[in-house]
Amino acid sequence: MAGGKIRKEKPSRAATLQGGIPFHKSKGQHILKNPLLVDTIVQKAGIKSTDVILEIGPGTGNLTKKLLEAGKSVITVELDPRMVLELQCRFQGPDSNRLKVIQGDVLKCDLPYFDICVANIPYQISSPLTFKLLSHRPAFRCAVIMFQKEFAMRLVAQPGDDLYCRLSVNTQLLAHVSHLLKVRKNNFRPPPKVDSSVVRIEPRKPFPLVNFKEWDGLIRLCFNRKNKTLGSIFRRKTVLSLLEKNYKTLQALQLSQKGSSEDTDMAEDVSVLAHAIEDLNLDMEDGRDDEDMEMEGDDAGVEGSDFKDKVLGVLKQGDFEEKRSSKLTKVDFLYLLSLFNKAGIHFS
């Protein structure tokens, strides 16, 4: 377990022991017990003998042992002091010189340099951890991570897939993501309630030059109702009011448009995407068509205005008015954002 808070609690009778240590499901402690699966994960990671490997939530060290055999050194981040002690007892002698154990919350600590990340993580930190890793500099070569199956399927979902959502497009903006293998819950001790999947994440090089606050603002609007047309979304009073307020504020401050070349701290900026998972319920439509989903209360009944015409003009210019977010790629969204910014319309 590498992230989240530790609360004192009595282990349930269902918690399985290894070396006398009770595992707590509520803390995301599900230890891989299948040695063949551990070997498969290490093999698919493509570890080089010169690699510095980051492992998050090592638990009792079943995966750690194989990582030490494959790479140059291993850095583990573990929140639970009991697991830290177990690791220190298990790996002594020559192995201890190649193993560094960091006790702490991985979401709060500064990560050192690493070439590759291989981890079976607590599922409750999946989204913030993914974007923390993707904001790390210098960029690592790849990460091979065990996620809850549905989260993993959202990461790799493509335009048109039912699970395609903000998480999908945000992650794929920053990285190449591929599904490696499914893992049944009976491969863990204690078994979780759901199945898992292992995903490979490779940061894009070069890093995309985009203002991530702008990007996040656009993507949030578009995926609030991902199966509605963009023309319908951008006719809403609330959307137009927000965009017009931004537009007038920027004009009043006489801020020059810098677009994607804006000099920002990219690592800090990426963090705004870390909460993509929070609104997943909003990303999943119930299957109704647009005609059955008229916007409640503040839809397109807005009288014509110069600013509204400006916004709709941008959509028409890029041929986006009748398109839906659920079908658009990251390239489409980058193009749409550039058109809005060139027109002086901003989302942050």
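**Disulfides**

I started with the cysteines and found 0 disulfides in the structure. This is a predicted model, so I keep that in mind for everything below. I then looked up two of the cysteines one by one. Cys 165 has 0% relative accessibility, so I filed it as buried. Cys 222 also went down as buried, because its relative accessibility is 0%.

**Overall counts**

I tallied the secondary structure next and got 13 helices and 11 strands. The protein has 348 residues, and 51% of them count as buried. For the surface I noted about 16,600 Å² exposed, with carbon and sulfur atoms supplying 50% of that area. I also checked the sequence separation of contacts. Taking pairs at least 6 apart in sequence, 75% of the contacts join residues at least 24 apart.

**Cores**

Which residues have the most contacts inside the largest nonpolar core? I got Leu 133, Phe 234 and Phe 340, in a core of 69 residues. Helix 7, residues 212–223, puts in the largest share of this core, with 7 residues. There is another core apart from it, and I counted 25 residues there, including Val 42, Phe 91, Val 118 and Val 183.

I went back to Phe 234 and listed its contacts, skipping neighbours within four places in sequence. The list has Leu 218, Leu 221 and Cys 222, then Val 239, Leu 240 and Leu 243, and further along the chain Val 311, Leu 315, Phe 340 and Phe 347. Cys 222 turns up here again, and I had it as buried at 0%.

**The sheet**

I traced an open sheet of 7 strands with mixed pairing, in the order 6-5-4-7-8-11-9. The edges are strand 6 (99–103) and strand 9 (175–183), each of which pairs on one side only. From one strand to the next, the twist averages 20°.

What packs on the sheet? I found helix 5, residues 149–156, touching strand 8 (142–148), strand 9 and strand 11 (196–203). Its direction makes about 135° with that of strand 8.

**Strands 4 and 5**

I zoomed in on strand 4 (residues 52–56) and strand 5 (residues 73–78), which run parallel and are joined by 5 bridges. I looked up two of the partners: Val 52 bridges to Ser 73, and Leu 54 bridges to Ile 75.

Why do I call strand 4 largely enclosed by the rest of the structure? Because 5 of its 5 residues are buried. In general, side chains in a regular strand alternate between the two faces of the sheet. For strand 4, I wrote down Val 52, Leu 54 and Ile 56 on one side, with Ile 53 and Glu 55 on the other, and both faces are covered.

Thr 76 sits in strand 5. I logged it as buried, because its relative accessible area is 0% and the cut-off is under 20%. Leaving out residues up to four places away in sequence, Thr 76 touches Glu 55, Pro 58, Thr 64 and Leu 87, plus Leu 99, Lys 100, Val 101 and Ile 102. Glu 55 is one of the strand 4 residues I had just listed.

**Gly 231**

Is Gly 231 buried or exposed? Its relative accessible area is 0%, so I put it down as buried. I placed Gly 231 in helix 8, residues 230–233. Not counting residues up to four places away in sequence, its contacts are Leu 312, Leu 315 and Glu 321. I also took one C-alpha distance: Gly 231 to Val 311 comes to 9.3 Å, for 80 residues of separation along the chain. Leu 315 and Val 311 are also on my contact list for Phe 234.

**Backbone oddments**

I noted two cis peptide bonds. One runs from Arg 137 to Pro 138, with omega near 0°, and Pro 138 lies in the loop between helix 4 (126–134) and strand 8. The other runs from Lys 205 to Pro 206, with omega near 5°, and I found Pro 206 in the loop between strand 11 and helix 7.

Last entry: Asp 319 has phi near 60°, a positive value in a residue other than glycine. I located Asp 319 in the loop between helix 12 (306–317) and helix 13 (330–342). It counts as exposed, because its relative accessible area is 53% and the cut-off is over 50%.

Technical notes:
Residues numbered from 1 in each chain as written. Predicted model: local features only at pLDDT ≥ 70, side-chain atom pairs only at ≥ 80, totals over all residues. Heavy atoms only, no water. Buried < 20%, exposed > 50% of the residue type's maximum accessible area, 1.4 Å probe, protein only. Contact = heavy atoms within 4.5 Å. Areas by Shrake-Rupley, 256 points an atom, 1.4 Å probe, with all protein chains shown as cover. Disulfide = S-S within 2.5 Å. Core = buried A, V, L, I, M, F, W, Y, C linked by side-chain atoms within 4.5 Å. Pairing = 2+ DSSP bridges. Axes fitted to C-alpha atoms, helices over the stretch in contact; angles between N-to-C directions.
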